[in-house]
Amino acid sequence: VERKLNFSAGPATLPEPVLRRAQAALWDLDGTGIGILEHSHRGKAFRAVMDRTTQLIRDVAGIGDEFAILYITAGATHHFTMVPLNFLGEAETPGSCDICHTGVWSAKAIVEARRFGTVHLACDGSPAFDAIPPIIRYSASPRYVHYTSNETIYGTQWPAPPPNPPAPLVCDASSDIFSRPLALADHGLIYAGAQKNLGPSGISLVIARNSFLAARRPGLPALADYQSYVTEGSMHNTPNTFGVYVIGEVVAWIRDQGGLAALGERNARKAAVLYDFLDHSKLWRAHARPGSRSDMNITFRGASPALEAQLLARAEQQGMSGLPGHRDVGGIRASLYNAFPEDGVHRLVQLLHEIEREQ
Ligand SMILES: Cc1ncc(COP(=O)(O)O)c(C=O)c1O
């Protein structure tokens, strides 16, 4: 089977060497004669996988012991609830948080946080969501400041974390984790669903500062309490063993690519090829404004719906898949995560040029 160029926003394309190794590990993990799906999570072989994955994450992202690395069997959406549940205080004395509203994902985080306390919008990019708002107004004493480092649907990305937060930052990094060096300063907690830059869906990686976890609400049910994942090594119940394995292989691949700085440069270069075309085109226009543009999800519109339909049809014919924009916003979205090949962006731009010449 000839594989397609997969522009999907997630689950998304994974590095070929990782898929090949995972294929082999399904049959036999590390010469144990048992496949990764069949190993007990309490056994030596899987423990080695989990320890290796955690160490690789620490090494590749430069994460010290002041942070815990947790694997939670749920997507990023789970943390929209878990974060306020843990950190907005007890039911009798609910606290407040600041949320930077930059699109569809922060909107969902806002809805959930409001169930637990007061939400102050520190900035608001609605209704266009075409830029990270330049002015941030924090409230007086939030418990934390939440932001979405990359808005997967609108295609905007914070060039750097919100500056001078009055409380620890909590970051939904689902769609740009490990796509560039990780900013840890000021952060209390970073969470990411794995299915874009890390591995399969249904598992999230959490990087949590121990001192921030100490401020959580006491008496929570174990599976809703971040601290229980620390205390029990993400093994209160059976973790997503395959997910942890794939994340480890992906992070080893990141290391072999030269690490986060090298990937960051490559990702910026890949994205620039497409933005450069869009900025010079008479038919197409990038949605996000310079300074707020995502290197991961490039969203753009054609001069007419017919033109967009033409691009999608011809892209499919040429083996390029996953280009329709999110169902809520339409248009075109090219997701260029870590594993997306540089040559794939050139193929898309070549097709865009062809269509432009024909008009
Ligand atoms: C930024 C962001 N946050 C949260 C989510 C939701 O993740 P999940 O579907 O794994 O809950 C997504 C999309 O998958 C996303 O892109």
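**Around the ligand, then on to a ring pair**

Sorted by class, the shell around the ligand is made up of three nonpolar, eight polar and two charged residues. Keep in mind as you look that this is a predicted model.

Let's put some names to that shell. In total, 13 residues surround the ligand, and the closest are Thr77, Thr152, Asp172, Gln195 and Lys196. Try finding these five in the structure above.

Now look at how some of these side chains meet the ligand. Thr152 has a side-chain N or O atom 2.4 Å from an oxygen atom of the ligand. Thr77 places a polar side-chain atom 2.6 Å from a ligand oxygen atom, and for Gln195 the distance from a polar side-chain atom to an oxygen atom of the ligand is 2.9 Å. Each of these three pairs counts as a polar contact because the cut-off for such a pair of N or O atoms is 3.5 Å.

How much of the ligand does the protein cover? On its own, the ligand has 390 Å² of accessible area, and the protein covers 85% of that. The space that the ligand takes is the second largest pocket.

Next, let's turn to the aromatic rings. A pair of aromatic rings is described by two things: the distance of the centres and the angle of the planes. The model has eight aromatic pairs. One of them joins Phe87 and Phe212, with 4.0 Å from centre to centre and 15° between the planes. This pair counts as stacked because its planes are under 30 degrees apart.

Where do these two rings sit along the chain? Phe87 belongs to helix 3 (residues 77–87), while Phe212 belongs to helix 5 (residues 210–213). The two are 125 residues apart, so the pair links distant parts of the chain.

Conventions. Residues numbered from 1 in each chain as written. Predicted model: local features only at pLDDT ≥ 70, side-chain atom pairs only at ≥ 80, totals over all residues. Heavy atoms only, no water. Near = heavy atom within 4 Å. Polar contact = N/O pair within 3.5 Å; in protein donor to acceptor, adjacent residues only side chain to side chain. Areas by Shrake-Rupley, 256 points an atom, 1.4 Å probe, with all protein chains shown as cover. 1 Å grid on protein atoms, 1.4 Å probe; cavity = no way out; pocket = protein on both sides within 12 Å on 5 of 7 lines; lining within 4 Å. Sits in = over half its atoms within 2 Å of the grid points. Nonpolar A, V, L, I, M, F, W, Y, C, P; charged D, E, K, R; others polar. Phe/Tyr/Trp six-rings, centres within 6.5 Å; stacked < 30°, edge-to-face > 60°. Helix = DSSP H or I, 4+ residues; strand = E, 2+ residues; numbered from the N terminus.
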